[in-house]
Amino acid sequence: MGWQDKLFGGLGHLPFLAASPMAEAAALARADHYRHGRQPRVFEDPYALTLVNPAYRLLVRPRLGALAGRLTGFHRTFLAGAATTLVRSRYTEEALAAAAAAQGLDQYVILGAGLDSFAWRRPPALDAVRLFEVDLPAVLADKAARARRAGLPTPHQRTPVPLDLSTPERLPEALRTAGFDADRPALFSWLGVAYYLTPEACRSLIAAVGQCAAPGSHFTLDVLAAGAFAEPRLPELLARTRLMAHLFGESLPGGLLLEQLAPQLAQAGFALAEPLGPDALAARYLAGRDDLREVLPHLHLVHALRPIP
């Protein structure tokens, strides 16, 4: 353990200015890449900086952000975490666009929406897609307040769904109340959330999604592989990611592991369509880049489908 780990590990929880600190970190990663990422960008999010708390915007300045990262020892962790955030979002929105074009899919459910800005930056081809943003009431209220202060227009076809995902049994009713049509296919996105939950909570949420998903529905989620915890010491990037989460008041129990995922998806009516590990994700989206080179180790992005009989 380096001096940075000892220092920051002993600080306890840092004060924060967001209802969801890790959602803030994800938005910060998207904003930093939009401002300073090499062209062509991995993911385009012109609204991320607008939604980031002003107290954190200084970190989007390249010299200050890099200096802060190096002083704390988190620079490589932030870059790998940022790359992970970018590639999983790009993959999911590519899958959404493909399903909308091929199937006419017109419902998109973001589980743990945080500060995602799809509602404002959606391409014209996805203009008719109904967006359901599921997150804690405080997170959705915080996001709405930031959008108002920034003067962003009220997005059309967007419905907030206040729900604590630690009570997944309430998801079907919450979506139904919000106007979601469980008889029509949808794409469910659950990114950057599963490893903050217990395995039991993950199983319950997958089952709840299965209750809402009509045939032809898609489900994208990211999970860790068992190798992440098989070593006597966590790989450096994961160890620092766990420490970073702790600093922001979040635990990182690991959630449901990749090796446990297929049976749970099958019970919910889904079949694995495409699992992508860290090497495959880096090869697809980061090849030839010198600003982003790796995603978090042992992290897998999974695309599952509810078959049409």
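Visitor: Is His300 buried or exposed?
Guide: Keep in mind that this is a predicted model. His300 has its place in strand S7. Buried means under 20% relative accessible area. With a relative accessible area of 17%, His300 therefore counts as buried.

Visitor: OK, and which residues does His300 touch, leaving out those up to four places away in sequence?
Guide: Start with the contacts Leu258, Leu276, Gly277 and Pro278, which are among them. The rest of the set that His300 touches is Leu221, Asp222, Val223 and Ala225.

Visitor: In what order do the strands of the open sheet run?
Guide: There are seven strands here, and their pairing is mixed. S3 (158-162) and S6 (271-276) are the edge strands, each pairing on one side only. From one strand to the next, the twist averages 20 degrees. Reading across, the order is S3-S2-S1-S4-S5-S7-S6.

Visitor: How many bridges join S4 to S5?
Guide: S4 covers residues 187-190 and S5 covers residues 218-224, and the two run parallel. Across this pair, Ser189 stands opposite Thr220 in S5. As for the bridges joining S4 to S5, the count is four.

Visitor: What angle does the direction of helix H9 make with that of S4?
Guide: Helix H9 (residues 199-212) packs on the sheet. It touches S1 (107-111), S4 and S5. Its direction and that of S4 make an angle of about 165 degrees.

Visitor: Which helix lies across S6 and S7?
Guide: Look for residues 278-285, running at about 70 degrees to S6. Strand S7 (299-305) is also under this helix's span, and the name you want is H13.

Key: Residues are numbered from 1 along each chain as its sequence is written. This is a predicted model: local features need pLDDT of at least 70, side-chain atom pairs count only at pLDDT 80 or more; totals for chains, interfaces and linings use all residues. Side-chain values use heavy atoms; hydrogens and water are left out. Two strands pair if DSSP finds at least two bridges between them. Axes are lines fitted to C-alpha atoms, for helices over the stretch in contact, and angles run from 0 to 180 degrees between N-to-C directions. Contact means heavy atoms within 4.5 Å. Buried means under 20% relative accessible area, exposed over 50%, partly exposed in between (1.4 Å probe, protein chains only).
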